[in-house]
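Dear colleague,

I am passing on the structure we spoke about, and below it you will find my notes on what turned up when I went through it. Please read them with the model open beside you.

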Amino acid sequence: MESIRPLLATPTFVLALVLLLALAFALAFAMDTPAGHQLPRPPSLNSPPPSLNSPPITMLPTEIIQHIASFLPPSGAASFASTCLCIRLAAGTQYLSALRASRTEILALLELLLADAPNNPIVNFPSRLLCADCARLIPIYIGCGASATSVFRKTWDLSTRYIVSSFSPPIFYTIMAMHRHGHQCDELLSRIAPPTTTRYTSSSGIASQHTVHYRIATTGPLLIRTQVTYIFPRPPLDDREHTLGSFCHHIGGKTERFSTTMKLVQTEALSGTGRSQPKFIDCNYCRTTVLVGARKLRGRGIGLFITWWKDLGDGRPADETWTDQIGLSTRPEKWRHVRHGTIPVVEAFEGQNARYLDFDEVMTRADWKELLRLSPIQ
Ligand SMILES: [Zn+2]
Ligand SMILES: [Zn+2]
Ligand SMILES: [Zn+2]
C-alpha cells in the first residue's frame, strides 16, 4: 500500500482513471441508446476533427468530461483540465471555487504540477520550487522575491537560525512533495547538506569539525543530524570557547542544561576509563535530541562530541512538528509537551536502539582522520 499511495495522486494516475471512467461511460451510453437514436450531444461539429494523435478522451461529449471532472477532488479536476485545451474547455469551471477556497487543495494541485514538471537539466532539480508558505511555484533562480508573504519571511528567518544557516524552506517543501510522489530524494538531500568543515585555531589550540546529514524517515518526515566535534589541549572547554548556537528554539549552547552536561562529560573523561557516558538531552517542546560525550585522546588532550537530531516534519506548513521545531509559537505556555522520555528521532535516523549508541559512533572514519590531521600532537 505504501508504494501505491503516492501513485494515486500522480497526474498519470488521474488520467488513467479518467480514461477508464470514460470507457465505462461510453459503453453505458452505447447500451442505453436505442438503435437509430443519436447520442445526446456529440462534440461540436464546428471543432476540427480530432487528429490521430489526440487522446481518445477529447472525442467524448462535453457532458461526460464534466461528469468525470465532478468525481475528482478540485485539485484532481484542475490537474485533469491542465492536460489539454479541449479538456480544459470541456471541464468548465465548476471546480475552481472549491479549489480557491481550500489551501490544502491548492497545495495538492501545486504538488501534482511539480511532480510532473521536468527537471532543470543544469541543476537536475525541478525548475520551479514549491513555496508552501506563499502557496505557489517559484522559479528556482529567483525564489519568492519581493512578493514573498510575511509568513514565508518569518519561516525562513527562524529556520536558518534554528536548523542550519543554509536551510531553505522552499527546497524542503519541494523535496518532501517529490518524495510523496515517489521520487528517490537521497541524492538531492546529500547535495543540499552543507559540506563538512574542519578547522584549527592556533590561538586557542582548538580543532573543530561541523557535519550535517539529512535523511527522510521511513515514516515520512525529514530528519537532520548535525555533529560538532572539538579537540582541545586543556579542559574544560566552556561557554566562552565554543561557538555552538541553538540546537532548537528551546535549547542552545549557552543553556544551563547543556552547559552542565558538557562540564560533566569532561570531568568523567578525565577520570577513570578516559571516556564519559553518552548523555542525551531531549527537548521537551520539539522533536530535538542532543547527545554529548567526551573522551581522552592521548597526546592531544580531550575530544568533545556533540550530535543533535531534529525531526522537521513532512514539509506541510501547518504540520505541528515543524511549527514546534522553528518556534513559530514564541510564547512558552503555548509550547506543547511532546516527549515521554524516549528519543524516537535518534532511532528513526540511525535505525538502531539509541540505548546502545555511543557518542563517537556516528562519525565517519574519513571525518575523524581529517580532524586528527588538523589537531596537533602536543
Ligand atoms: Zn514524480
Ligand atoms: Zn514563498
Ligand atoms: Zn526544542
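How many aromatic pairs does the structure hold? There are 9 aromatic pairs in it, and, as with everything else in this email, that count comes from a predicted model. One of these pairs joins phenylalanine 247 and tryptophan 308, whose ring centres lie 4.7 Å apart with the planes at 75 degrees, so the pair is edge-to-face. Phenylalanine 247 belongs to the loop between strand S7 (222–232) and helix H11 (256–270), while tryptophan 308 belongs to strand S10 (residues 301–311), so the pair ties together parts that are 61 residues apart in sequence. Both partners are covered: phenylalanine 247 is buried because its relative accessible area is 1%, and tryptophan 308, at 7% relative accessibility, also counts as buried. Elsewhere, Phe167, Phe172, Tyr173 and Trp322 form one aromatic cluster.

For the chain as a whole, the overall values are as follows. The protein chain has 14 helices and 10 strands, and of its 378 residues 46% count as buried. Among the contacts with a separation of 6 or more, 59% are made by residues 24 or more positions apart. The chain exposes about 20200 Å², of which carbon and sulfur atoms supply 58%.

The metal site may interest you at the bench. The zinc ion (ligand 2) has as its protein donors the SG atoms of Cys131, Cys134 and Cys144, which lie 2.1 to 2.2 Å from the ion, and the spacing of these donor residues in sequence is C-x2-C-x9-C. Cysteine 131 has a relative accessible area of 0% and is therefore buried; cysteine 134, at 13%, counts as buried too, because the cut-off is under 20%. Alanine 135 is found in the loop between strand S3 (128–131) and strand S4 (136–139), and its phi is near 55 degrees, a positive value in a residue other than glycine. That is worth a look in the model, because most residues other than glycine have a negative phi.

Next come strands S5, S6 and S7, which are linked by two hairpins. Strand S5 (residues 197–201) pairs with strand S6 (residues 206–216) in the antiparallel sense over 5 bridges; within this pairing, threonine 198 has glutamine 209 of S6 as its bridge partner, and tyrosine 200 has alanine 207. The hairpin formed by S5 and S6 leaves 4 residues between the strands, and glycine 205 in the turn has a positive phi of about 75 degrees. S6 also pairs with S7, again in the antiparallel sense, over 10 bridges, and here arginine 215 stands opposite leucine 223 in S7. In this second hairpin there are 5 residues between the strands, and glycine 220 in the turn has a positive phi of about 120 degrees. S6 itself is mostly covered, with 8 of its 11 residues buried. Arginine 215 has a further partner, in that its charged end sits over the ring of phenylalanine 349, 4.5 Å from the ring centre.

Is threonine 219 in the loop between S6 and S7 buried or exposed? Threonine 219 counts as exposed, because its relative accessibility is 70% and the cut-off for that class is over 50%. Its C-alpha atom is separated by 9.3 Å from that of aspartate 314, although the two residues are 95 positions apart along the chain.

Threonine 321, by contrast, is buried, with a relative accessible area of 10%, and has its place in helix H12 (residues 320–326). Leaving aside residues up to four places away in sequence, threonine 321 touches Arg287, Asp311, Leu312 and Gly313. Between threonine 321 and proline 221 the distance is 9.1 Å from C-alpha to C-alpha, with their positions 100 residues apart in sequence.

With best wishes

Definitions and conventions. Residues numbered from 1 in each chain as written. Chains lettered and ligands numbered in written order. Predicted model: local features only at pLDDT ≥ 70, side-chain atom pairs only at ≥ 80, totals over all residues. Heavy atoms only, no water. Donors = N, O, S within 2.8 Å, 3.2 Å for Na, K, Ca; no water. Buried < 20%, exposed > 50% of the residue type's maximum accessible area, 1.4 Å probe, protein only. Pairing = 2+ DSSP bridges. Contact = heavy atoms within 4.5 Å. Areas by Shrake-Rupley, 256 points an atom, 1.4 Å probe, with all protein chains shown as cover. Phe/Tyr/Trp six-rings, centres within 6.5 Å; stacked < 30°, edge-to-face > 60°. Lys NZ or Arg CZ within 6 Å of the ring centre and 35° of its normal.
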